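Q: Could you walk me through this one? I have not looked at it before.

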Amino acid sequence: MPTRGAASRFLRTTGQHATIEPDAFTDGGYVLSIGGAEQSHVNLDRPEDIFYEYLRRIGHLVDLAAPPGQPITALHLGAGALTLARYIQATRPGSVQYAVELERELLDFVLRHLPMPEGTNLTTIIGDAREALGALDPGLAFDVVILDIFSGPEAPAHIATDGFYREARDRLSPGGLLIVNVGDEPALTLVRSQVAAMRAAMADVAAFGEAGMFDGRYPGNVILAGTQDPWPDLWTTELAARGPHPARVLSGVDLDPFSA
C-alpha cells in the first residue's frame, strides 16, 4: 500500500535524507524530496497526469515515439520516483521497462512507499548509468532511452560525452528516440556542450523547453531529443502545441547557436 503520511530514508551514497510526503493539493499525489529539495512528483491515482513541466515535455516526446497506446521498450537512466515509468505504463500498457539508479536505497524506498501500477513490467538496476548500459543484454533494443541525471551545471564527465551518446544510440531500435533532460544555468553552457555531443552521435537533434530558457533569462530545464533520421517538422508543430506553454522547439539551423 502507498504511504499515507510522510516517510523518510537515509541515502548512504549521497549522505542525504529522502522523504516522501502527500501532496496537499493533488488527490493521490506524493512528492519525493532529497536533501530538502523536491525531486519528483507522483500521482498514484492518475499516473498519466505529470505535474512537473519538464517531465511533461518528456512525456510528450514519448507519445510521439510510437503510435498511441502501442507498448514500447524503454530504458530510464536515472529513476527518481519513476514518474515516467508510471506514465508509460498508464499510456502504453504492456510496455517493457528498465530503470537504472545509482542510489541503492532510493529505489527500494520509492517502490516500498509508492508501488508501481499493477501489471507494470519493470526491471530495476542499481549502478552507474554508463556501466549499466554496457552490461545490459546485447539483444535488448529500446524504443526510448531517457537520461535524467543532469541536475545542474555540473555533469558526470564520463556520461556528458559523444562517446556515451553513441553507446546509447547503439542500444536503440530502428527509429528509437534518445531523450536527455539537461538542467542548466542561464548561460546554457551544459546545454550547448550536450547539443554538440548528441549531434556527433545522432542523425539529428532538437531542443524542447520553455521559450524563455533559450533567451538565457533564468535557470531551468531543456529537453534534448536525438533521432536516427531527420527531425520530423510535424513533431515541432505537435510539441509546441502540446506545451506546457509558452513552449519552443529548436532544430536544424535554429539550434546551431546552441551548439558548442
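The chat below goes through a sheet, a pair of helices, the nonpolar cores and two single residues.

Q: Before we start, what kind of model is this?
A: This is a predicted model, in which local features need pLDDT of at least 70 and side-chain atom pairs count only at pLDDT 80 or more, while totals for chains, interfaces and linings use all residues. Residues are numbered from 1 along each chain as its sequence is written, and side-chain values use heavy atoms, with hydrogens and water left out.

Q: Okay, the sheet with β1 in it: in what order do the strands come?
A: Four strands form an open sheet in the order β1-β2-β3-β4, with antiparallel pairing. Strands (E, at least two residues) and helices (H or I, at least four) are DSSP runs numbered from the N terminus, and two strands pair if DSSP finds at least two bridges between them.

Q: Which strands are at the edges?
A: β1 (7-11) and β4 (37-43) are the edge strands, each pairing on one side only. On average, neighbouring strands of this sheet are turned by 20° against each other, direction ignored.

Q: And how many bridges join β3 and β4?
A: Strand β3, residues 29-34, pairs with β4 over six bridges in the antiparallel sense. Gly29 has Asn43 in β4 as its bridge partner, and Tyr30 stands opposite Val42 in β4. The two strands form a hairpin with two residues between them, and Gly35 in the turn has a positive phi of about 60°.

Q: Which helix packs on that sheet?
A: Helix α3 (residues 104-113) does, touching β1, β2 (16-22) and β3, where a contact means heavy atoms within 4.5 Å. The direction of α3 makes about 165° with that of β1; axes are lines fitted to C-alpha atoms, for helices over the stretch in contact, and angles run from 0 to 180 degrees between N-to-C directions.

Q: Switching topic, at what angle do α1 and α2 pack?
A: Helix α1 (residues 53-64) and helix α2 (residues 83-91) pack at an angle of about 35°, and their axes are 11 Å apart.

Q: Which residues meet there?
A: From α1, Leu55, Ile58, Gly59, Val62 and Asp63 meet Thr83, Leu84, Tyr87 and Ile88 of α2.

Q: Thr83 came up just now; is it buried or exposed?
A: Thr83, found in helix α2, counts as buried because its relative accessibility is 8%, and buried means under 20% relative accessible area with a 1.4 Å probe and protein chains only. Leaving aside neighbours within four places in sequence, Thr83 is in contact with residues including Ser40, His41 and Val42.

Q: How many residues are in the largest nonpolar core?
A: That core has 38 residues, and Leu75, Tyr165, Leu178 and Val180 have the most contacts inside it. A nonpolar core here is a set of buried Ala, Val, Leu, Ile, Met, Phe, Trp, Tyr and Cys residues joined through side-chain atoms within 4.5 Å. Helix α6 (residues 189-201) gives the largest share of this core, six residues. A second, separate core of 27 residues includes Tyr87, Ile179, Ala206 and Ala225.

Q: Last one, where is Leu177?
A: Leu177 lies in strand β9, residues 172-184, and is buried, with a relative accessible area of 1%. Not counting neighbours within four places in sequence, the contacts of Leu177 include Leu61, Ala65, Ala225 and Trp235.

Key: Buried means under 20% relative accessible area, exposed over 50%, partly exposed in between (1.4 Å probe, protein chains only).
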